[in-house]
Amino acid sequence: MTDYAPNYQEGKAGMEAIVVTKIAAASISAFQTVKLASGDDEGKVTPTTAATDHVYGVALEDASADDAVKVCIFGRCKVIVQASSSNISVGDYLCASGTAGRAQKATTNGFPFAIAEHAATGDGDYILCTVGVAATAVA
């Protein structure tokens, strides 16, 4: 895994970012994509698990189930990507992937949530992205 933004100095999210505090429905790692949970965990967040998941934002810290977790819902932050099946280029739209908590290049099945600011070719790479893309399927 490669961190393509090792010198990102603004912290875990950019100064312009909108960060909210949510409760984790499951264990979450920093920079994983998260979605809103349903059922008994309604209102909490949990890692995404499918390309068709609607990404709520990117977790900015580790959290255990029922702990508070900060989530970037708009602005710049790092995200973990799954790039083995389709390389990510600068400017590509990102969506959830089939690997828990990882983003991938948006496909016809995905709902974009961010734009890649770095290229990536490996699974588990960290890149900067801009969260806040409208959630419409890629055609």
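How many of the 139 residues of the chain count as buried? The share is 45%, and it belongs to a predicted model, which the following stops explore one selection at a time.

**The whole chain**

Begin with the full chain coloured by secondary structure, where you will find zero helices and nine strands, so that the pattern read along the sequence is β-β-β-β-β-β-β-β-β. If you turn on the surface, the chain exposes about 6500 Å², and carbon and sulfur atoms supply 51% of that area. Among contacts in the chain with a separation of 6 or more, 58% are accounted for by residues 24 or more positions apart.

**Select T33**

Next, select T33, which lies in strand β2 and is buried, with a relative accessible area of 0%. Its side chain makes a polar contact with the side chain of T48, at 2.5 Å. Leaving aside residues up to four places away in sequence, T33 also touches a list of residues that includes T46, P47, V55, G57, V79 and F113.

**Select F31, then Y126**

Move to F31, which is found in the loop between β1 (18-23) and β2 (33-36) and is buried, at a relative accessible area of 13%. Most residues other than glycine have a negative phi. F31, which is not a glycine, nevertheless has a positive phi of about 75°.

Now add Y126 to the selection, for the count of aromatic pairs comes to one. The ring centres of F31 and Y126 are 6.0 Å apart and the ring planes stand at 90°, so the pair is edge-to-face. This pair links distant parts of the chain, with F31 in the loop between β1 and β2 and Y126 in strand β9 (residues 125-131), 95 residues apart.

**Select D66**

D66 lies in the loop between β4 (57-59) and β5 (68-81), and although it is not a glycine, D66 has a positive phi of about 75°. Is D66 buried or exposed? At 52% relative accessibility, D66 counts as exposed.

**The charged pairs**

Side chains of opposite charge can pair when their charged atoms come close. The structure holds five salt bridges, and three of the stops below show examples.

- Select D53 and K35, whose side chains meet in a salt bridge at 3.3 Å, N to O. D53 lies in the loop between β3 (45-47) and β4 while K35 is in strand β2, so the pair ties together parts that are 18 residues apart in sequence. D53 counts as buried, at 12% relative accessibility.
- Select D92 and K105, which form a salt bridge with the closest N and O atoms 3.8 Å apart. The pair links distant parts of the chain, D92 being in the loop between β5 and β6 (93-96) and K105 in strand β7 (residues 103-105), 13 residues apart. D92 is buried, with a relative accessible area of 14%, whereas K105 is partly exposed, at 29%. Salt bridges that share partners also join D41, K44 and D66 into one network.
- Select K44 and D41, which form a salt bridge with the closest N and O atoms 3.6 Å apart. D41 counts as partly exposed, at 28% relative accessibility.

**The cysteines**

Finally, select C77 and C72. Why does the search of the whole structure find zero disulfides? For C77, the closest cysteine sulfur is the one in C72, and the distance of 3.9 Å is too far for a bond. C77 is buried, with a relative accessible area of 0%, and C95 is likewise buried, at 0%.

How values were computed:
Residues numbered from 1 in each chain as written. Predicted model: local features only at pLDDT ≥ 70, side-chain atom pairs only at ≥ 80, totals over all residues. Heavy atoms only, no water. Helix = DSSP H or I, 4+ residues; strand = E, 2+ residues; numbered from the N terminus. Buried < 20%, exposed > 50% of the residue type's maximum accessible area, 1.4 Å probe, protein only. Disulfide = S-S within 2.5 Å. Contact = heavy atoms within 4.5 Å. Areas by Shrake-Rupley, 256 points an atom, 1.4 Å probe, with all protein chains shown as cover. Polar contact = N/O pair within 3.5 Å; in protein donor to acceptor, adjacent residues only side chain to side chain. Phe/Tyr/Trp six-rings, centres within 6.5 Å; stacked < 30°, edge-to-face > 60°. Salt bridge = Lys/Arg side-chain N within 4 Å of Asp/Glu carboxyl O.
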